[in-house]
Structure formats: structure tokens, C-alpha cells
Amino acid sequence: MVKINFAIMFYMPSQDRLEIAYELQDYLNSIPEFNCMLFGDDGTLGAAGNAERAWKELALQNDEYTHCCVLQDDVELCGDFAYGIKTVTSVKPDEVLTHCNMTKHAIEARDAGKHWIRSKSGVYGTAISMPVYKAQQMIQWCKSHLKTSWKEAVHDDSIVATWMEAESNYCYHPVPSLVQHIMPALSVAGNNNSNRINKWIVPPKYKGGSAKDYDWNVGSNNPIISSTRRTDKEYTEKYFR
């Protein structure tokens, strides 16, 4: 049985983000197979430092939960999100999943009638999930290879991506995405861009969307291949040994 432990990172000075975080936590904790913790930061840790704290805590929970997921505080969940994430996790139980895709490949998958994309390291920090054992491997790898703190390395998704490439872990994107990035122009990290939204989503429940409307096995064995990466040689050489 898939049991998922969630961590929601939120920026404490923002009342809007705080309210979203509490709403997400209430929903996720209402699902018997889920648990959800909140990780607030006033800016001292930064997004990457807060992500490090969240992943380390999730990596400790290896007895009760099979998987873990870090969500940011500016996401909106699709209709029947619990069903969706349990199902896609069951399809790819040993893989790193990113529940965002902001590229043309999502449209390519839609037009091909497929629900999976595979990339080398195209994770989006907005929503990443993986088996607990892989979270443990990532934390240990970063402890040995990261030259600086997570905060100094700035981008938590780039840190995850660098680990993935070093350890030959592919990233899988179930599409349509199960979450939407709803504050792309109000980035805490300064990445303000209204185009940073998922290109194909399962709509939220109030818009009639449901993850139950899709056969998530379709395309799992022959996914769309994406060249998207969230790291590069310059970043790797600067922050990793």
C-alpha cells in the first residue's frame, strides 16, 4: 500500500501563503494513508534551506511511510488529488516524480494520448515526490558532495536534479499535472514569471476536474522523452564536488 508523508514549505510573512498551507495540510491529513507536516520560514533559511529541512525530516520517516512529497505553498491541487497521487505512485513506485510540467512536452504528451513524460533531471520544486529510501539516498549523497549549504546553493530543485543526474535517476512527470502553480509572478525566490505554470493540468474539483478521469497507465512504458534539465555544468562545478 502506498503511504505518503507530505511536507509543505511556506513563507511565514505571507498571510495568503499561510492560509494555503493550512488548507493543504487539513486536506492531506484527512486521508488515512497520508500525513502532512508544515515547514515555515521567515526568510532566514531561504527556499533551499527550508527544503533541506523538509527532505531530511521526511527521510527519517522510513518505518511508516513508503513515499514522501514536498509541496510549496503556492499550489492548487486537482480534483481527487489523493486518488491521483496514490495511483501515479503505484504506477512508478521506485521513481522520482515531479507533479509539474511547464514545457511543451506536456502538450506533446496530450496530443499523443500519453500520460507520462521522462526527463533526465527536469524536476520542479513546486511538487516532487519519491520513495523514502531515495530521499535518504539523496540526503546522504548531498552530505558527501555538496560543497556549501543548501541555502547557498539557492535552488532546491537544482540540488535534487544534480543528485539525480549523478546517480542516474530519471525524473517522471505524470500528465496532466496534479497541481497548478498559482503564484508564478509572486515568487519568494525572485523567479517572477507569469508563464511558470503547468501547461496541461487536471482541473481543481470546483472546476469539475478529477484525477479519476484518466488511465494513468497509458504511456508509462513508452513515455514522451524530454531533454529538460534543472542543472548544468557550471552550477554543478560551483556547488558540488
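Here is a quick tour of the fold, the salt bridges and one buried aspartate in this chain.

Keep in mind that this is a predicted model. The protein chain folds into eight helices and 10 strands, and 55% of its 241 residues are buried. The count of salt bridges comes to seven, while aspartate 41 is buried and has none.

**Overall build**

- For 241 residues, a compact globule would have a radius of gyration near 18 Å, and the 16 Å of the protein chain agrees with that.
- The C-alpha trace spans about 45 × 40 × 40 Å along its principal axes.
- Sequence-distant pairing is a big part of the picture: take the contacts between residues at least 6 apart in sequence, and 82% of them join residues at least 24 apart.
- About 10700 Å² of the protein chain is exposed, with carbon and sulfur atoms supplying 47% of that area.

**Salt bridge around arginine 17**

- As background, side chains of opposite charge can pair when their charged atoms come close.
- Aspartate 74 and arginine 17 form a salt bridge, with 3.9 Å between the closest N and O atoms.
- Aspartate 74 sits in the loop between strand S3 (67-72) and strand S4 (75-77), and arginine 17 sits in helix H1 (residues 15-29), so this pair ties together parts that are 57 residues apart in sequence.
- Is this pair buried or exposed? Both aspartate 74 and arginine 17 are buried.
- There is a network here too: salt bridges link Arg17, Asp73 and Asp74.
- Glutamate 19 is also in helix H1, and is partly exposed at 46% relative accessible area.
- Glutamate 19 and aspartate 73 are 54 residues apart in sequence, yet their C-alpha atoms are 8.9 Å apart in space.

**Salt bridges between helix H7 and the strand S10 region**

- Aspartate 157 and arginine 230 meet through their side chains in a salt bridge, at 2.9 Å from N to O.
- That pair links distant parts of the chain, 73 residues apart: aspartate 157 belongs to helix H7 (residues 156-166), and arginine 230 to the loop between strand S10 (224-229) and helix H8 (233-239).
- Aspartate 157 is buried, with a relative accessible area of 11%, whereas arginine 230 is partly exposed at 25%.
- Arginine 229 forms a salt bridge with glutamate 165, and here the closest N and O atoms are 2.7 Å apart.
- Again distant parts of the chain are linked, this time 64 residues apart, with arginine 229 in strand S10 and glutamate 165 in helix H7.
- Arginine 229 is partly exposed, with a relative accessible area of 41%.

**Aspartate 41, buried without a salt bridge**

- You'll find aspartate 41 in strand S2 (residues 34-41).
- Why does aspartate 41 have no salt bridge? The nearest side chain of opposite charge, arginine 53, is 5.7 Å away, and a salt bridge needs a side-chain nitrogen of Lys or Arg within 4 Å of a carboxyl oxygen, so the pair doesn't qualify.
- What does the side chain of aspartate 41 reach instead? One partner is the backbone nitrogen of leucine 45, at 3.0 Å.
- The backbone nitrogen of glycine 43 is another, lying 3.2 Å from a polar atom of the aspartate 41 side chain.
- Setting aside neighbours within four places in sequence, aspartate 41 is in contact with Phe10, Tyr11, Met12, Pro13, Gly46, Asn50 and Arg53.

Notes: Residues are numbered from 1 along each chain as its sequence is written. This is a predicted model: local features need pLDDT of at least 70, side-chain atom pairs count only at pLDDT 80 or more; totals for chains, interfaces and linings use all residues. Side-chain values use heavy atoms; hydrogens and water are left out. Helices (H or I, at least four residues) and strands (E, at least two) are DSSP runs, numbered from the N terminus. Buried means under 20% relative accessible area, exposed over 50%, partly exposed in between (1.4 Å probe, protein chains only). Lys and Arg count as positive and Asp and Glu as negative; His and the chain ends are not counted. A polar contact is a pair of N or O atoms within 3.5 Å; within protein, one must be able to donate a hydrogen and the other to accept it, and residues adjacent in sequence count only if both atoms are side-chain atoms. Contact means heavy atoms within 4.5 Å. The radius of gyration is taken over C-alpha atoms; the globule rule is 2.2 Å times the number of residues to the power 0.38. Accessible areas come from the Shrake-Rupley method with a 1.4 Å probe; for residues, only the protein chains shown count as cover.
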